[in-house]
Amino acid sequence: MLGWNGHLLRVDLTKGKTKVEEYSAEMAEKFIGGRGFAIKILWDELEPGLDPLSPENLLVVAVGPLTGFPLPSSGKMVVASKSPLTGGYGDGNIGSRAAVNLRKAGYDAVVVKGKAEKPSYLLVEDDKAEIVEAGDLWGLDSFKAEKRLLERYGREAGVLLIGPSGENMVRFATIVCQEGRAGGRPGMGAVMGSKNLKAMVFLGTKEVKVADAEELRRLGAEAYKDILGKENYDFWKRQGTMATIEWCQENSTLPTYNFREGVFEEADAISGTTMEKMKTKIRGCPHCNMTCGNVIEDAEGRESELDYENVAMLGSDIGLGDLRKVAVLNRMADELGLDTISLGSTIAFAMECSEKGLLDIDLGWGDFEGAKALTEDIAYRRGIGNLLSGGVKRAADEIGKGSIKWAMQIKGLECSAYDCHLCPGMALSFATSPIGAHHKDAWVISWEISSGMRREYNEAKADKVIEFQRIRGGMFESLVTCRLPWIELGFDLEWYPRFLHAATGVKFSLEELLTVGDRLYALMRAFWVREYKGEWGRVMDFPPPRWFDEPTTKGPLKGSVLDREKYDALLQMYYDKRGWDKRGIPKKSTMRRLGLEKEADELEKFIKLVD
Ligand code: PTT
Ligand code: SF4
């Protein structure tokens with residue numbers, strides 16, 4: 001195989017053993033890498049119904065056939081597992097030296113199972129892979145632990161690790177690295193913690209063999225140049241994802257007061273323009289020439305790297321209009337290893353419960369000190385923090401009293417930062433995302449608003465959600481590279497089959513690559529259905545009740561609300577186009593068309609499929 005390493009590393013923490021395994025060319029061509037490898041391995045190897053925090057769960061870390069080459073924004077990787085937050089398929093994407101080094105060490109994936117007897121970390125150095133005791137690292141925050149590992153293995157080492165919240169198995173603990181990159185929103189950090197695995201360290205010196213090295217170099221150089229010439233490049237470098245605050249405010253989609261509103265009276269104080277004035281440096285992922293990690297000094301004099309989602313969820317959604325204070329919460333989340341989106345949503349939920357007298361906590365909107373204390377309590381699972389450490393759905397189930405109405409989640413994953421009171425297409429995109437309410441697969445909101453069809457529930461929206469899911473959720477997550485050159489700067493998608501051809505020698509048309517995305521979608525959906533069996537139904541693909549039942553009360557679009565019946569019809573259009581039945585389950589014929597016959601037979605052991 002060329003372009004692909006052809007090897008994955010198996011790690012059994014219970015036995016303290018590692019082993020190298022070859023995978024087939026068929027696997028490479030059918031599933032490409034990254035998310036494709038992750039879902040295939042999890043589907044094939046996980047016992048349905050297992051506890052995600054048990055040693056039997058698998059953690060898959062996977063790169064793709066473009067990762068780590070000198071191509072735009074190629075320093076990304078996927079981390080995946082059965083999610084302790086949702087009980088379904090969970091993954092995340094992280095930009096890290098670890099991605100590049102894993103490739104250079106000779107592997108395209110690491111599959112970790114079991115549980116180490118004592119806190120440990122995995123050290124991979126080319127052909128050497130060992131499990132090392134991590135007694136001195138356990139309990140440290142992620143910044144300190146990473147620093148210590150870099151002192152030990154050199155600054156070129158790629159490290160993925162967890163903070164105290166992962167160790168304590170907070171169900172929305174994420175995997176972090178490089179003081180400001182994070183991935184695995186649905187609790188991938190908790191899975192590491194459950195395995196007593198504090199970190200994974202990657203060092204590599206090998207070259208991945210490619211089909212046409214000269215052509216790959218030439219294409220890479222041309223592509224980097226193309227990106228530098230993009231119209232929006234300079235503005236992007238100034239604000240990165242933070243520009244979205246102003247855009248969302250203008251369009252009434254900025255999550256505010258636990259998604260009660262889409263506008264925030266103090267939006268200017270947390271905007272990209274405000275951030276620009278405070279910015280001290282930019283950080284980024286390897287191989288990127290449009291780096292977007294904007295760093296400011298927080299209210300406690302520490303560095304904090306800001307992104308839109310972090311600021312919206314820890315700012316407007318909890319009613320906090322002070323960017324330096326938001327930056328403190330954001331930095332704490334990185335140190336403790338908590339997902340910022342779920343953290344913001346959980347704090348906002350607690351504030352709303354406090355306001356409504358549903359929870360014995362004194363926590364008003366915008367209460368910075370209260371939010372800080374609660375963040376610590378969640379990470380260490382103390383008092384109410386323990387109740388909230390399972391995310392808003394579990395907390396609402398426990399609190400009762402109708403509080404589920406204000407738990408802003410779908411399938412157990414907290415919604416990322418787009419208010420959908422008047423965005424049915426984006427609501428559909430959240431609801432059909434394969435990991436729960438995340439924007440990464442189909443961020444259709446910008447198109448939806450600019451299309452002039454914002455209020456419509458039409459076929460074009462179902463089409464757009466699928467188009468984006470195929471590109472973002474399928475192609476980018478399996479190749480694995482950053483999608484931002486395309487979505488933010490308009491870098492042409494046709495570059496990717498060309499890169500892939502030069503790297504692997506295998507010719508895929510763009511459409512063929514997108515069809516791989518359909519295959520992944522059918523399999524990720526099958527995974528959820530196999531886990532939920534009889535409990536599965538189209539209700540799983542519905543946005544939270546607040547967007548249907550409680551109109552917004554502020555801003556130019558006040559009074560906005562989603563329509564349940566129309567949403568249901570839109571969801572049906574989506575199912576029909578995907579070849580899924582009325583329950584949202586892929587039909588047998590669809591699975592066959594995508595080369596998933598064996599997987600359809602397996603799914604039929606759990607639930608009857610429509611042909
Ligand atoms: C992603 C989600 C996002 S999406 C953000 S900000 W965004 C939050 N970032 C967090 C953080 O920071 N710290 C923390 N403790 N928790 C966080 N949770 C949130 O996680 C990120 C960029 C961004 S910034 C985005 S959109 C793009 N995402 C990509 C993707 O998903 N796939 C892909 N092929 N390319 C992408 N490029 C962009 O990467 P999850 P990163 Mg992230 C600090 O992890 O689980 O996917 O959730 O990876 O290296 O930090 O880059 O406005
Ligand atoms: Fe990382 Fe931003 Fe570059 Fe994407 S654009 S690779 S998220 S630095």
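Which helices and strands each supply at least two residues of the lining of the largest cavity?

**Entry 1: the largest cavity**

I began with that question, keeping in mind that this is a predicted model. I found that the strands β5 (89-95) and β11 (181-183) each supply at least two lining residues. The helices that do so are α11 (308-314), α12 (323-336), α13 (340-355), α19 (459-479) and α20 (484-489). I noted β5 in particular, since the largest share of the lining, five residues, comes from it.

Next I looked up the space inside, and the largest cavity holds about 960 Å³. Its lining is made of 48 residues. Lys-76, Asn-93, Asp-307, His-439 and Arg-483 are the ones that lie nearest the centre. I sorted the lining by class and got 16 nonpolar, 18 polar and 14 charged residues.

**Entry 2: ligand 2**

Where does ligand 2 sit? I found it in the largest cavity. I then listed its neighbours: Ser-73, Lys-76, Gly-284, Cys-285, Cys-288, Met-290, Thr-291, Cys-292, Cys-482 and Leu-484 surround it. Lys-76 caught my eye, as this residue is in the shell around ligand 2 and is also among those nearest the centre of the largest cavity. By class, I put down six nonpolar, three polar and one charged residues for the shell.

**Entry 3: the magnesium of ligand 1**

Which protein atoms are donors to the magnesium atom of ligand 1? I noted two of them, the O of Asn-93 and the O of Ala-182, at 2.5 to 2.7 Å from the metal. Asn-93 belongs to strand β5 and Ala-182 to strand β11, so this pair ties together parts that are 89 residues apart in sequence.

Are these two residues buried or exposed? Asn-93 counts as buried because its relative accessibility is 17%, under the 20% cut-off. Ala-182 has a relative accessible area of 38%, so I wrote it down as partly exposed. I also met Asn-93 in my first entry, where this residue is among those nearest the centre of the largest cavity.

**Entry 4: the second largest cavity**

How many cavities of 30 Å³ or more does the structure hold? I counted four, and I looked up the second largest as well. Its volume is about 60 Å³.

The lining here consists of Lys-411, Thr-432, Ser-433, Pro-434, Tyr-521, Met-524, Arg-525, Trp-528 and Trp-580. Helix α22 (residues 510-532) gives the largest share of this lining, four residues. By class, I noted five nonpolar, two polar and two charged residues.

Notes: Residues numbered from 1 in each chain as written. Chains lettered and ligands numbered in written order. Predicted model: local features only at pLDDT ≥ 70, side-chain atom pairs only at ≥ 80, totals over all residues. Heavy atoms only, no water. Near = heavy atom within 4 Å. 1 Å grid on protein atoms, 1.4 Å probe; cavity = no way out; pocket = protein on both sides within 12 Å on 5 of 7 lines; lining within 4 Å. Sits in = over half its atoms within 2 Å of the grid points. Nonpolar A, V, L, I, M, F, W, Y, C, P; charged D, E, K, R; others polar. Points joined across faces, edges and corners; volume = space filled by probe spheres on them. Donors = N, O, S within 2.8 Å, 3.2 Å for Na, K, Ca; no water. Buried < 20%, exposed > 50% of the residue type's maximum accessible area, 1.4 Å probe, protein only.
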